[in-house]
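Q: Hi! Could you walk me through this structure before I head back to the bench?

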Amino acid sequence: SGREHGVSRNGPMIGTSRGRMNMNEADPHRSEKTGIGTGSVVIKSREACGRKAIWEMRKITSRTGMVVAVLTAICLLVLMGCGQGCNKSDNLSDSRIKVGALIALTGYGASFGQNEAKVVELLRDRYPNATFVVEDNKSDPRQAISAAKKLLDVDSVDIIYCDLTTVANAIVPMTKDAGVILVAAVYLTDLLDRNPLAIRNLPRGKDEAHLLLEHFSSTIVPGETPSVILLGSNDEFGRGSISDCLTVVKDFSLDVIGTETIPDDAPAIDSFAAVLASKKPSAIYMASLSPTLGTLIQKLRLAGYQGAILTTDAFAYSYIRDAAGEQAKGTIYVDFPETEESRDMSKTFYDRFNMDLNPTGVLLHDGISLILDTLYETNPQSLATLVDSLEGIEYAGTYGLITVRNRELLYPLVIKTAE
């Protein structure tokens, strides 16, 4: 639990019900619109193509007509051979939209993926006209590539959702080449540049860092220039978080006296924490998805460090907070606001699955719901058009108002202090 401070990035919530866009009265349960691309001409199978060519041949009997018929047949065969080399945005029909959940059911990310797999069951109930396929990325980018190939080549999905930075980094080129939407709950800085159909479904590191530093700066005695050390794990998440924090720290009167990498090995944490505590910085910012984040917080306090500890929304996960133990108290972190909708969803989730709902599950639920509600409301002619249709939407989600800007889903955030 934590004490919530009155900070929200997106301002007041609009008075719409959860899962509805305030731009239109979108109904996520509308069954008459089962896909996208109404009116488009699509070659659905080789058998159908053959029948179409024969029909055209019989229909035209003149010599000129025969030439036209032959050309028609050739064109049909070319379309048949296009396969995965064609951009999916040119081949959409009113068939069921297919969503592939490439999530971590095993490996270090399983605490995320097991929760998300249950959320997919809720989405199946909510969107009976969509098809959902779940594949285990095994918390490994190499395994994820194989699983993604199956989703693309065998299941022919239109959307892939993933939950780990290393996985997203590995499959971005594949999703771009296939012309599918990639929805990723990751910090990966160049995600949107590498695939024009990529969508970020996670609060931005810059926004989180800004909220943390703004809150900390509000406690500073005027005239002081507090010192700060920035720590990050040795991965894309940690390095990206430090980079984002360095970008926004210039907005505040803070002196960054060092940036360090959090050790991967637990035995090295003791000495690392002792060295940090001896430097007596006013605040330490740290970013990691590993349980060692909690261990480091514990060791810092036991080493006598009394300054502020600032960290990301990852601290809200029990596997990190439990590792910090009693020393978690006082840690300042970013989190999602608690709302009536989030309480209701958590209760429903627990009653059905006997499992606590975690934020990664909510992100998957709200991110995919926003996209599918937009699809059924606007009935776009291509995946690219669908992505374009998202821009500027304000959507009432589980945690409050979600705004879509430049292919990023911006969630409301608050600052909390662990108690």
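Here is a chat that goes from model confidence to salt bridges, cores and a few single residues.

Q: First things first, what kind of model is this, and what is its mean pLDDT?

A: This is a predicted model. The mean pLDDT of the protein is 82, with 77% of its residues at 70 or more.

Q: Where does pLDDT stay under 50?

A: One such stretch is residues 6-18, for which the model has 34 contacts beyond four places in sequence. Residues 22-94 also have pLDDT below 50, and that stretch has 103 contacts in the model beyond near neighbours in sequence.

Q: Okay, now the overall make-up. How many helices and strands does the protein have?

A: There are 14 helices and 15 strands. Of the 419 residues, 53% count as buried. As for contacts with a separation of 6 or more, 72% come from residues 24 or more positions apart.

Q: Let's talk charges. How many salt bridges are there in the whole structure?

A: A search finds 16. One of them pairs K150 with E135, whose closest N and O atoms are 3.0 Å apart.

Q: Which parts does that K150 and E135 pair tie together?

A: K150 sits in helix α4 (residues 141-154) and E135 in strand β3 (residues 130-136), so the salt bridge links parts that are 15 residues apart in sequence.

Q: And is E135 buried or exposed?

A: E135 is buried, at a relative accessible area of 17%, which puts it under the 20% cut-off. Its partner K150 counts as partly exposed, at 33% relative accessibility.

Q: Why can side chains like that pair at all?

A: Side chains of opposite charge can pair when their charged atoms come close.

Q: Which side chain does R142 meet in a salt bridge?

A: The R142 side chain meets that of D140, at 3.8 Å from N to O. R142 is exposed, with a relative accessible area of 66%.

Q: What about K299, which residue is its salt-bridge partner?

A: That would be D270, with the closest N and O atoms 3.4 Å apart. K299 lies in helix α10 (residues 292-302) and D270 in helix α9 (residues 269-279), so this pair ties together parts 29 residues apart in sequence. K299 is partly exposed at 24%, and D270 is partly exposed at 43% relative accessibility.

Q: Which residues do shared salt-bridge partners join into one network?

A: K118, E121, D125 and R352 are joined that way.

Q: New topic: the nonpolar interior. Which residues of the largest nonpolar core touch the most other members?

A: Those are F132, I181, L310 and I368, in a core of 70 residues. Helix α13 gives the most to this core, with 9 residues.

Q: What is I181 in contact with, leaving aside neighbours within four places in sequence?

A: I181 contacts D158, I159, I160, L197, I199, L383, L386 and V387. Apart from the largest core lies another core of 28 residues, and A147, I160, V167 and V172 are among them.

Q: Can we look at helix α3? How many residues does α3 have?

A: Helix α3 (residues 110-126) has 17 residues. From first C-alpha to last, α3 reaches 24 Å, close to the 24 Å expected at 1.5 Å a residue. Several of its residues are buried, including F112, V119 and L123.

Q: I'm curious about N115 in that helix. Buried or exposed?

A: N115, which lies in α3, counts as buried because its relative accessibility is 3%. Beyond residues up to four places away in sequence, N115 touches F349, M355, D356, L357, N358 and G361.

Q: And L191, where is that one found?

A: L191 is in helix α6 (residues 191-194). L191 is buried, with a relative accessible area of 0%. Not counting residues up to four places away, L191 touches V172, L182, A184, V186, A198, I199 and R200.

Q: What separates the C-alpha atoms of L191 and V172?

A: They are separated by 7.4 Å, while the two residues are 19 residues apart along the chain.

Q: Last one: where does S382 lie?

A: S382 lies in the loop between α13 (359-378) and α14 (383-390). At 11% relative accessibility, S382 counts as buried. The S382 side chain is joined to that of T385 by a polar contact of 2.8 Å.

How values were computed
Residues numbered from 1 in each chain as written. Predicted model: local features only at pLDDT ≥ 70, side-chain atom pairs only at ≥ 80, totals over all residues. Heavy atoms only, no water. pLDDT = per-residue confidence, 0-100. Contact = heavy atoms within 4.5 Å. Salt bridge = Lys/Arg side-chain N within 4 Å of Asp/Glu carboxyl O. Helix = DSSP H or I, 4+ residues; strand = E, 2+ residues; numbered from the N terminus. Buried < 20%, exposed > 50% of the residue type's maximum accessible area, 1.4 Å probe, protein only. Polar contact = N/O pair within 3.5 Å; in protein donor to acceptor, adjacent residues only side chain to side chain. Core = buried A, V, L, I, M, F, W, Y, C linked by side-chain atoms within 4.5 Å. Expected span 1.5 Å × (residues − 1).
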